[in-house]
Amino acid sequence: MKSAAPELLPLLKQYFGFTSFRPLQEEIIRDSLAGKDIFALLPTGGGKSLCFQLPALTRDGLTVVVSPLIALMKDQVDALQASGIAATFLNSSLTQDESRKRLRGLHNGEYKLLYVAPERLMLSGFLTDLQTWNVQLIAIDEAHCISEWGHDFRPEYRQIADLRKHFPGVPFMALTATATGRVREDIVSHLKLREPKIYVASFNRPNLTYRVLAKNKPYDQLLSFLRARPKESGIVYCMSRKSTERLAANLSEDGVKAKPYHAGLTPKERSEHQELFLRDDVRVVCATIAFGMGINKPNVRFVVHYDLPKNVEGYYQETGRAGRDGLPGECILLFSPGDAVKQTVFIDEKTDPHERQVAREQLQQMVHYAECANCRRVELLAYFGEEFSADGCGACDNCLSPRETFDGTLAAQKFLSCVFRIREKNGFGVGLNHVVEVLAGADTEKIRNWQHAELSTYGIGKEHSRPEWAAIGRELIRLGFLRQTTEKFSVLELTNAGAAILKSRSKVTLTKPAVAPETKVHHIGEIACDEALFERLRELRKKIADERDVPAYIVFSDVALRQMARNYPANEAEFTRISGVGEKKLREFGDAFLSEIALHLATNARQIFAEESFVVPIAQRSSLGDTARETLRRFRAGALPAEIASSRDLVVGTIYGHLATAIEAGEAIDLAQLIDAEAQAEIAAAFKRTGWGNIVGARELLGEKYDYGLLRVFRAAANARRG
């Protein structure tokens, strides 16, 4: 990857406190400054905002950011102003005097960035003003809101496309953290992006652990989970408004500070509850899907889905609110098949047949994810069309505690035969629950009316309970032996594969239902540090934030505090090496934090942290994907990454990714072929200082000397050596 333009890096450090870019940021910024339209899909926490914030500092005019939520605007503007950047927002939360003052500032060219809601854009008076403010870029944040195929469609976003005729020469930048291929195409098409440069990062969030727990006394499960994490904050998503209020009240009574959040609260109540959460005065928000998109809180350590989400895309977006700072985050889904039944009731109330069909398909995909025995990460990434090449991620329940399997040949034969016999007798199919009732030998009105007690499969399944048979049926659907239609009356159909299995009586292996183990995980992204000092620094941060009336993370992120509590900076030069420390934050907060660290060391011994503080779970040797295997073959034949990339029309970063994946999958490579012993020692020293989970921090310490991909390869190799 080419190095950054010289004028960008000083600005990056001065205002944002970083000395290097995250993946794809540099390329996006370069293309933006070249006046190109851009579509960028970067994961939550992947640094989307910097892609338009940094270019704004280099331009003479104004960057306009279209943002969907008032809270999101205020949050980002607070953070920018804390870093010394002239930014403002205009929305309905301001008084007339405040609005007039900001408009005067915009007319006088005092601001670099303006955040605005989509509804305001097309007001004639505002458009006239906008055309006098020397607009240099229009950035559309949360761009998936434009698409009717997205999980969070907002009609008011559709009018943004009209800006093109008013600003024909101004480049557009569309950004989102989640979008399927269909939604991406819709965004590019509707915004009329002109020959856009398209950037799609990996959907993988390696610092997140995914678990699905069998729902059993869910409140007790949740309370136990929260009590085991007394100092961590997170979000609990519920299906209904009533659930959020009941849950928040119960948690508060049990000593866990919690507040509800849903669309039925007044704007003032929603704002107050959100602010309490952002400032760590409340550590849990119990919310419907109305909460989250505008939340820029980096230290959300967990997201719990108390009820089943409607679709995988929404689930991915919501879980993505955990661990935005790169530190570990936990994503827990409490699953009961009964939740799917409740969702189906709501779907059946939809009057539009197409909407109903789409909703059924999405729900089936969500249930498939919840019940699958495969790696959660593989399933999640596959939904977005991305292949996860390693054999298991080591950071989900199915990889950490694989579920038991059993010989399900007889059960499969009974179930498939029952589906076949019902259609043979009546000429039509039935739903999964009715098949279960026939196997169980139930006496229902439908069984009597359709004379299903006469079937040879009636009552032959009494060795399994009804829930067990339902789970078996759903797994046969996942295995492709049955197909479930998505019309109003969902029925089961035997597939060709199912018919073949039924005829041949081939062996079928099924998975036992999920249980809820508590497995100790060494999380990816973890930064080991002096926990006592970390708590002192958190208290200092909270005090300063409260004095300034801003959320705590506006002062410093948890990543920064953990680096301080690991490296014990003793002077300004050492303090500036902490991730996120720019010039203004050094001036304003440096003395206070350096003093707190010195006070701690006056009465506490300095702790030493070994390499083993970070461990990437290594999968057992696996068959790599074809493209990664080809890279490995060429590398072992003596080709360098740059040569492999050139000959295969790939970027060097992709080649490094292949090599790292190969190491993590158990393959051995000669690291000396990439870097000499001196460089290896230098990189190891950087990781020891920042923690092995912090590639960004290590690269900052090393300047521009080494590619992100090379650092990932080195880390994978070092971890493999440690076993």
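Helix axes here are lines fitted to C-alpha atoms over the stretch in contact, and the angle between two of them runs from 0 to 180 degrees between N-to-C directions. Keep that in mind for the opening stop, and remember throughout that you are looking at a predicted model.

**Stop 1: helices α23 and α27**

Select residues 531-548 for α23 and residues 583-603 for α27. The two axes come within 10 Å and cross at roughly 150°. Because angles over 145 degrees count as roughly antiparallel, α23 is roughly antiparallel to α27. Turn the pair so that one helix lies in front, and you can check the hand of the crossing, which is right-handed.

Now show the side chains in the contact. From α23, pick Ala 532, Leu 533, Arg 536, Leu 537, Leu 540, Arg 541, Ile 544 and Arg 548. Their partners in α27 are Glu 588, Phe 589, Ala 592, Phe 593, Glu 596, Ile 597, Leu 599 and His 600.

**Stop 2: Ile 544**

Stay in α23 and centre the view on Ile 544, which belongs to that helix. Is Ile 544 buried or exposed? Its relative accessibility is 9%, so Ile 544 counts as buried. Leaving aside residues up to four places away in sequence, Ile 544 touches Val 555, Phe 589, Ala 592 and Phe 593. Try a distance label between the C-alpha atoms of Ile 544 and Val 555: you should read 7.7 Å, for two residues that are eleven apart in sequence.

**Stop 3: Asp 549**

Move along to Asp 549, in the loop between α23 and α24 (552-555). What is worth checking in its backbone is phi, which is positive at about 60° although Asp 549 is not a glycine. With 48% relative accessibility, Asp 549 counts as partly exposed.

**Stop 4: Arg 562**

Next, select Arg 562 in helix α25 (residues 558-567). Despite its charged side chain, Arg 562 counts as buried, at 16% relative accessibility. Which residues does Arg 562 touch, once those up to four places away in sequence are set aside? They are Leu 327, Ile 527, Cys 529, Glu 531 and Phe 534.

**Stop 5: aromatic pairs**

Time to colour the Phe, Tyr and Trp rings. How many aromatic pairs does a search of the whole structure find? The count is 13. Begin with Phe 203 and Tyr 316, an edge-to-face pair with 5.6 Å from centre to centre and 65° between the planes. Phe 203 sits in the loop between β7 (197-200) and β8 (208-214), while Tyr 316 is in helix α13 (residues 312-319). The pair therefore links distant parts of the chain, 113 residues apart. Both rings belong to buried residues.

Step back one residue to Tyr 315, which pairs with Tyr 369 in a tilted arrangement: 5.1 Å centre to centre, 50° between the planes. Tyr 315 lies in α13 and Tyr 369 in helix α15 (residues 353-371), so this pair ties together parts that are 54 residues apart in sequence. Tyr 315 is buried at 0% relative accessibility, and Tyr 369 is buried with a relative accessible area of 2%.

Before leaving, add Tyr 383 and Phe 384 to the selection of Phe 203 and Tyr 316; these four residues form one aromatic cluster.

**Stop 6: arginines over rings**

Select Arg 164 with Phe 172. Arg 164 lies over the face of Phe 172, at 4.2 Å from the ring centre. Then go to Arg 229 and Phe 225, where the charged end of the arginine sits over the ring, 3.7 Å from its centre.

**Stop 7: Glu 195**

Look in the loop between α9 (181-190) and β7 for Glu 195. Glu 195 is not a glycine, yet its phi is positive, at about 40°. Glu 195 is exposed, with a relative accessible area of 78%.

**Stop 8: helices α19 and α21**

Finish with another helix pair: α19 (residues 432-440) and α21 (residues 466-478). They pack at an angle of about 130°, with their axes 9 Å apart, which makes α19 oblique to α21. α19 passes α21 in a right-handed crossing. To display the contact, choose Leu 432, Val 436, Glu 437, Leu 439 and Ala 440 of α19 together with Arg 466, Trp 469, Ala 470, Gly 473, Arg 474 and Ile 477 of α21.

Note on methods: Residues numbered from 1 in each chain as written. Predicted model: local features only at pLDDT ≥ 70, side-chain atom pairs only at ≥ 80, totals over all residues. Heavy atoms only, no water. Phe/Tyr/Trp six-rings, centres within 6.5 Å; stacked < 30°, edge-to-face > 60°. Helix = DSSP H or I, 4+ residues; strand = E, 2+ residues; numbered from the N terminus. Buried < 20%, exposed > 50% of the residue type's maximum accessible area, 1.4 Å probe, protein only. Lys NZ or Arg CZ within 6 Å of the ring centre and 35° of its normal. Parallel < 35°, antiparallel > 145°, perpendicular 65-115°, else oblique. Left-handed = near helix turned anticlockwise from the far one by under 90°. Contact = heavy atoms within 4.5 Å.
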